[in-house]
There are 2 protein chains.
Amino acid sequence: MYQQRKTVLAARATVLKAMAHPTRLYIIEELSRQERSVCDLTAQVGVDVSTVSKHLSVLRQAGIVSDDKRGNQVFYKLRVPCIMNFFDCVESVLAARSQEYAQLMEAVRK
Amino acid sequence: MYQQRKTVLAARATVLKAMAHPTRLYIIEELSRQERSVCDLTAQVGVDVSTVSKHLSVLRQAGIVSDDKRGNQVFYKLRVPCIMNFFDCVESVLAARSQEYAQLMEAVRK
DNA sequence: TTCTTATTTGGCTATATTGCCAAATAAGAA
DNA sequence: TTCTTATTTGGCAATATAGCCAAATAAGAA
């Protein structure tokens, strides 16, 4: 594997890794509907505000969200809406997985 | 955030997390072209065969690849080709990110 | 100014991940 | 059978991640 190829793959992995957390997926979905302040998101998610802030920092550094300070609040919005298109495919992975699981369970019963 | 919602998001995160590694992205791309044995992939990737085997295990458990044992070799193939569609979007995230970086650098120079 | 609210950052612990080596397992070949 | 090849598994050390609390910072309000 050549060095240049490695760099590209590492960059892609960073974006995927930034998405790969339940709370961050929740935030992404929420921001796909409308921009939100850290405070709003914290109330919805139900973890410490410092944790939400750090999750937002991960998403911002990955280039997935952008922030906009207005008054003493910071509003975040989804920068790349195409991300939402991916979930259909992810669901098909999950469907294939659970189908396999169901078949396995049926085989075990016999 | 309700419990059921959490479960769905955690399942999605598992799939994304399984993708979120340079070597595994390489494997996914390679398998999108043709099925490959562990041995083939190891030669291409250039890490220990046990490491490749563990990466494949992560992808299999996530439902992204499936395996097929023939003789003393195990062939892996991509189970969900729609995954490849996502990379265009990931590239757009990276493009936005590096554009921002370029603009920042320009601003610093002034 | 002081007080309040919103957000970020530092520090800590617990947990998860990565990648190697060595060993175990499996399938053929000799 | 023994030898070779292919793959997986267990164990370990190094590193990364997640979440909390406390403290720092920033913007308004009183």
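The following paragraphs go through chain A, its contact with chain B, and the surfaces near the two DNA strands. The model is a predicted one.

Chain A contains five helices and three strands. In sequence order, these elements are arranged as α-α-β-α-α-β-β-α. The radius of gyration of chain A is 18 Å, whereas the globule rule gives 13 Å for 110 residues, so the chain is more spread out than a compact globule. The C-alpha trace of chain A spans about 65 × 40 × 25 Å along its principal axes. Of the 110 residues in chain A, 30% are buried. Among the contacts in chain A with a separation of 6 or more, 51% are between residues 24 or more positions apart.

Helix 1 of chain A covers residues 3-19. Its 17 residues should span 24 Å at 1.5 Å a residue, and the end C-alpha atoms are 25 Å apart, which agrees. The buried residues in helix 1 of chain A are A:Arg12, A:Ala13, A:Val15, A:Leu16, A:Ala18 and A:Met19. An arginine, A:Arg12, is thus listed among the buried residues of this helix.

The strands of chain A come next. Three of them form an open sheet in the order 1-3-2, with antiparallel pairing. Strand 1 (36-37) and strand 2 of chain A are the edge strands, each pairing on one side only. Strand 1 of chain A is joined to strand 3 of chain A by two bridges, and these strands run antiparallel. Here A:Arg36 has A:Tyr76, in strand 3 of chain A, as its bridge partner. On the other pairing, strand 2 (residues 65-70) and strand 3 (residues 73-78) of chain A are antiparallel over six bridges. A:Arg70 has A:Gln73, in strand 3 of chain A, as its bridge partner. Strands 2 and 3 of chain A form a hairpin with two residues between them. One residue in the turn, A:Gly71, has a positive phi of about 65°.

A single residue in helix 3 of chain A can be looked at more closely: A:Val45. Is A:Val45 buried or partly exposed? A residue counts as buried if 20 or more other C-beta atoms lie within 10 Å of its own. A:Val45 has 19 other C-beta atoms within 10 Å, so it is partly exposed. The C-alpha atom of A:Val45 is separated by 9.7 Å from that of A:Arg24, and these two residues are 21 residues apart along the chain.

Turning to chain B, helix 2 (residues 22-33) has 12 residues. From first C-alpha to last, helix 2 of chain B reaches 17 Å, close to the 16 Å expected at 1.5 Å a residue. Its buried residues are B:Thr23, B:Arg24, B:Leu25, B:Tyr26, B:Ile27, B:Ile28 and B:Leu31.

The two chains touch each other. In this interface, 36 residues of chain B are in contact with 36 residues of chain A. On the chain B side, helix 1 (3-19), helix 2, helix 3 and helix 5 (86-109) each supply at least two residues. Helix 1 of chain B gives the most to this side, with 10 residues. By class, the side of chain B that touches chain A has 25 nonpolar, six polar and five charged residues.

The DNA strands remain. DNA strand C is surrounded by 23 residues, of which the closest are A:Ser37, A:Cys39, A:Ser50, A:Ser53 and B:Ser50. The surface near DNA strand C takes at least two residues from each of helix 3 (38-45), helix 4 and strand 3 of chain A, and from helix 4 of chain B. Helix 4 of chain A gives the most, with six residues. The residues of this surface divide into seven nonpolar, 12 polar and four charged.

DNA strand D is likewise surrounded by 23 residues, and here the closest are A:Asp48, B:Ser37, B:Cys39, B:Ser50 and B:Ser53. Helix 4 (49-62) of chain A supplies at least two residues to the surface near DNA strand D, as do helix 3 (38-45), helix 4 (49-62) and strand 3 (73-78) of chain B. Which element gives the most to the surface near DNA strand D? That element is helix 4 of chain B, with six residues. The surface near DNA strand D has seven nonpolar, 12 polar and four charged residues.

Note on methods. Residues numbered from 1 in each chain as written. Chains lettered and ligands numbered in written order. Predicted model: local features only at pLDDT ≥ 70, side-chain atom pairs only at ≥ 80, totals over all residues. Near = placed C-beta within 6 Å. Helix = DSSP H or I, 4+ residues; strand = E, 2+ residues; numbered from the N terminus. Nonpolar A, V, L, I, M, F, W, Y, C, P; charged D, E, K, R; others polar. Rg over C-alpha atoms; globule rule 2.2 N^0.38 Å. Buried ≥ 20, exposed ≤ 12 C-beta atoms within 10 Å, placed from the backbone. Contact = placed C-beta atoms within 7 Å. Expected span 1.5 Å × (residues − 1). Pairing = 2+ DSSP bridges.
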